[in-house]
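Q: Please take a close look at one helix pair in this structure. Cover the geometry and the contacts, then the surroundings.

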Amino acid sequence: MRPGADPVAVLAGVLEATATERIGAVMGWLGDVVGQLLASHHDHDRLLIVVDQLEELFTTAESNARAAFITALRALRGDARVVLVLTLRADFYVSLMESALWVDLDGQLSRLDVSPLRGNKLRLAIEAPARALGVYFEPVLVKQLLHDVADEPGALPLLQDTLLDLWHQRTRGLLRLAEYDAMSDGVRIGLAVTVARRANGALNDLSP
């Protein structure tokens, strides 16, 4: 799951909880729902919950929604049947440490730091998903993408939008440099144009 604006609602959906089951003591429904979920999968006795992009808790959710979700996570963490995995961008680590969630995690957190993808690992992240579907890149395109993304701190999000645009323009299972070059506006590279278009779209959706 990803937190979003109403992370408790998302969590309830993931755990297949009904609105009726959520009525009652604060977060008391969690234990019952976990039990029912495990009972419906009788060959399992533990539940793994992965909260991806936990930073949304600090950027998207309002304070009340954030507090409610932290309360839910603390309740789940106290349940021996549940294993929690949280992924968080490094630049939001301070926000986590300043939150009530850190009270439970401090000194008891098994932490794995994932370094930014570079070189061959980034090349694999670009090529492998397409290859799995029988789609391939021109080698010169991959070389150009790796050059353009260079040491950008947000390499994967930048590439994500660009690769999506390229995907829609593939020709007979081939992603070509020509389509990427066509994204350029003569001043900015295709990567920059794609990001600018997404940013402008987000701004245009805002009210005055």
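A: The helix pair comes first, then a loop residue beside it, then another helix and two more loop residues. The model is predicted, so local features need pLDDT of at least 70 and side-chain atom pairs count only at pLDDT 80 or more, while totals for chains, interfaces and linings use all residues. Residues are numbered from 1 along each chain as its sequence is written, and side-chain values use heavy atoms, without hydrogens or water.

The pair is α7 (residues 119-131) and α8 (residues 139-149). Helices (H or I, at least four residues) and strands (E, at least two) are DSSP runs, numbered from the N terminus. The axes of α7 and α8 lie 11 Å apart, at an angle of about 120°. Axes are lines fitted to C-alpha atoms, for helices over the stretch in contact, and angles run from 0 to 180 degrees between N-to-C directions. That angle makes α7 oblique to α8 (under 35 degrees is roughly parallel, over 145 roughly antiparallel, 65 to 115 roughly perpendicular, the rest oblique). The crossing is right-handed: the near helix is turned clockwise from the far one by less than a right angle.

Which residues of α7 and α8 meet? From α7 come Gly119, Leu122, Arg123, Ile126 and Glu127. They meet Val142, Leu145, Leu146 and Val149 of α8. Contact means heavy atoms within 4.5 Å. By class, this contact has six nonpolar, one polar and two charged residues. Ala, Val, Leu, Ile, Met, Phe, Trp, Tyr, Cys and Pro count as nonpolar, Asp, Glu, Lys and Arg as charged, the others, Gly among them, as polar.

Arginine 118 sits in the loop between α6 (101-105) and α7. Arginine 118 is partly exposed, at 31% relative accessible area (buried is under 20%, exposed over 50%, partly exposed in between; 1.4 Å probe, protein chains only). Arginine 197 is 79 residues away along the chain, and the two C-alpha atoms are 25 Å apart.

Now α1 (residues 7-14). Pro7, Val8, Leu11 and Ala12 are buried there. They span an arc of only 140° around the axis, so they share one side of α1; the arc is taken from the directions from the axis to the C-beta atoms. Their cover includes α2 (29-39), β1 (47-51), α3 (56-59) and α4 (63-77). Glutamate 16 follows α1, with a positive phi near 60°.

Two loop residues also have positive phi. Glutamine 53, between β1 and α3, has a phi of about 55° and is partly exposed at 27%. Arginine 172, between α9 (155-168) and β4 (174-175), has a phi of about 50° and is exposed at 82%.
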